[in-house]
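Colleague: Please take a close look at one part for me: chain B, and the side of chain B that touches chain A.

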Amino acid sequence: MSHALLLDTTRCIGCGACSAACKEQNKLGADIDRVNTAYTWTTVQKAGGVNVRRMCMHCLAPTCASVCPVGAMRKTVEGPVLYDAEKCIGCRYCVQACPFDVPKYQWDKNIPVVAKCIMCAPRLARGEATACATVCPTGATTFGQRDVLIQEARRRIAADPNKYVNHIYGLEEAGGTSVLMLSSVPFGQLGLRENLPNKPLGQLTWAVLSHVPDIVTLGGALLYGIYWVTKRREYVQRIEGAPGEEVRS
Amino acid sequence: MSVLELPRPRGIKLTFWRAVFGVIMILFLYVSFMRFYKGLGATTNLSDRFPWGVWIGFDILCGVGLAAGAFTLMATVHLFHIKKFEPIVRPTLLTGYLGYLFVCVALLFDLGQPWRIWHAMVYWNEHSVMFEVAWCVMLYTTVLTLEFSHIVFERLKWNFMLKIMHTINTPLVILGVLLSTLHQSSLGTMYLIVPEKLHGLWYTPALPLLFYISAIGAGLGMVIVESALSGRAFGHELEMDLLEPLGRVMIVVLGVFGVLRLDLLFHAGMLGTIFQPIYESRMFLLEFGIGVLAPILLLSWPRIRQSKVGLVIGAVCAVFGFILYRLNVSITGIERASGTHYVPSWMEMTISIGLVAIGFAAFGIATRYLPIFPPAHGEAGHARH
């Protein structure tokens, strides 16, 4: 049961109903910012002549969840990546590390927290679709199960190969995401990164972090060994009164 | 006789540097108030596009790196028993300790909610490099406090505590070296997670190793620089017989770093990028020239290395180059991908400069009241020659 969204940029008319619905659903105030902020979790950007909706991609193995020192970010089995503001210390490593530039910070507050799309987790719990998908007038945002939406995306590309770039953005990027995107122009032109590895970015740091116990145990033993040998040598020199080396207590 | 037999204060005279320090402190207090009253947005040039600025790039990354002399010399003297370096261990330990305190305070400014810093002890995420960094900062600051307390106990003549310190000294030094190794490298590991953002001139899977090696080089450079500064301030001679060998070790460390750096660029197919007329390449050349080539050339020349001025200039180059390397990784290399240009605000600079100034002042006060430097040449210390 993993909920997902399919964003078809070819169907988006840029009306901004998704932004407004999101604001209302999540009680984020009335003013819709031009770009995504801590107070506007989704916007439609005009890029490469295309309307691109930007929102949290809800990665299958989120980078934000990997980097957060206090585990404030977590991926739920239902699909959404959720944030626990009570845990957050404000290091902003999630803002720095997210390959999709999603988490935003409350720079204007003196007690700030991170904010981002939560895929309407409370609505999902009630068995409803996300607010953005519900209000979208053209079907540019479709709500459903991830595997079903992948089939749907493949069907749309196959049905109209001239219209679509033959790529589902989010199928494999950074290990895959719960938000999938279709486009008529290369995704790089939409302001999305095309240089992402097809594996979770957290694997890059875990490859090093997983060796911490080795460094501690082997390093500790090695250092103690060197200590013992050099101390012994010093002792022997003191007993034998080795020339050349001056021995001080 | 009082246990605390302090040197008589000479009476506070208003010198030029004290006036500068006073002005910096007034600004520092004002900005500190603004930072916590108004928040990060009103005081820094940080944004969602550029969430980490000079407080991370300089205060944290450089503060930790420049403190690396402490664990290097502690290991050299207490684990490898190369006892001749003993006279410079204490000033280096003091530098390292102040460096870590500097980092801890800077962290309180940078964190959005610093009063929650203890969360890292309660909510664990062992997959996070920041989690490792947090624990290393906490534990190694504790180790440095214990190592440094030895000097304080000696001053207070608390012999019972000195005995305890003597007993735990070896495990403590080993722990310090391990934690430093983890901490120095983990600051590089932090940037492994942004392969799509950090420019190819700096991104490499070997970032942890490069951070570790460069910290040792810069840490040794700081020993020389700090000896020269305190020598000027307190009017004692540079211990060239100890510092000159450090200069030689620096050639090796910087050489390994430089060769490894170029080799990694070669394998990444980035060697050609060095001479492309782009911003990143210019910053790379600056960093590599000042931090690697210049000190190696200077220090390899015996006549320069054996002269006080030459040795200090070589060390200053290495330290500046090191700072550039850290700033390039944390700021220059990220800018293009972030789509914005980051220049720290004057308030950010005030906090960084203010903390450095406090560090200098603390160093001066500590050396005056604590047995940091060996007895002056000409007294007991003369027996060495």
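Modeller: **Chain B and its contact side**

Chain B has 14 helices and zero strands (DSSP runs, numbered from the N terminus: helices are H or I of at least four residues, strands E of at least two). This is a predicted model: local features need pLDDT of at least 70, side-chain atom pairs pLDDT 80 or more, while totals for chains, interfaces and linings use all residues. Residues are numbered from 1 along each chain as written, chains are lettered from A in the order written, and side-chain values use heavy atoms, without hydrogens or water.

The C-alpha trace of chain B spans about 65 × 50 × 45 Å along its principal axes. Buried residues (under 20% relative accessible area, 1.4 Å probe, protein chains only) make up 57% of the 385 residues in chain B.

Now the interface. In chain B, 56 residues are in contact (heavy atoms within 4.5 Å) with 57 residues of chain A. The buried area (accessible area lost on being put together, 1.4 Å probe, summed over both) is about 5,000 Å². Carbon and sulfur atoms give 61% of that area. In chain B, Asp48(B), Ile193(B) and Glu196(B) lose the most area to chain A, together 15% of what that side buries.

Three salt bridges (side-chain nitrogen of Lys or Arg within 4 Å of a carboxyl oxygen of Asp or Glu) link the two chains. One of them pairs Glu86(A) with Arg116(B), with the closest N and O atoms 4.0 Å apart. Several helices of chain B give two or more residues to this side, among them H1 (16-38), H7 (129-156) and H13 (308-338). The largest share, seven residues, comes from H8(B).

Conventions. Buried area is the accessible area (1.4 Å probe) that two parts lose on being put together, summed over both. Buried means under 20% relative accessible area, exposed over 50%, partly exposed in between (1.4 Å probe, protein chains only).
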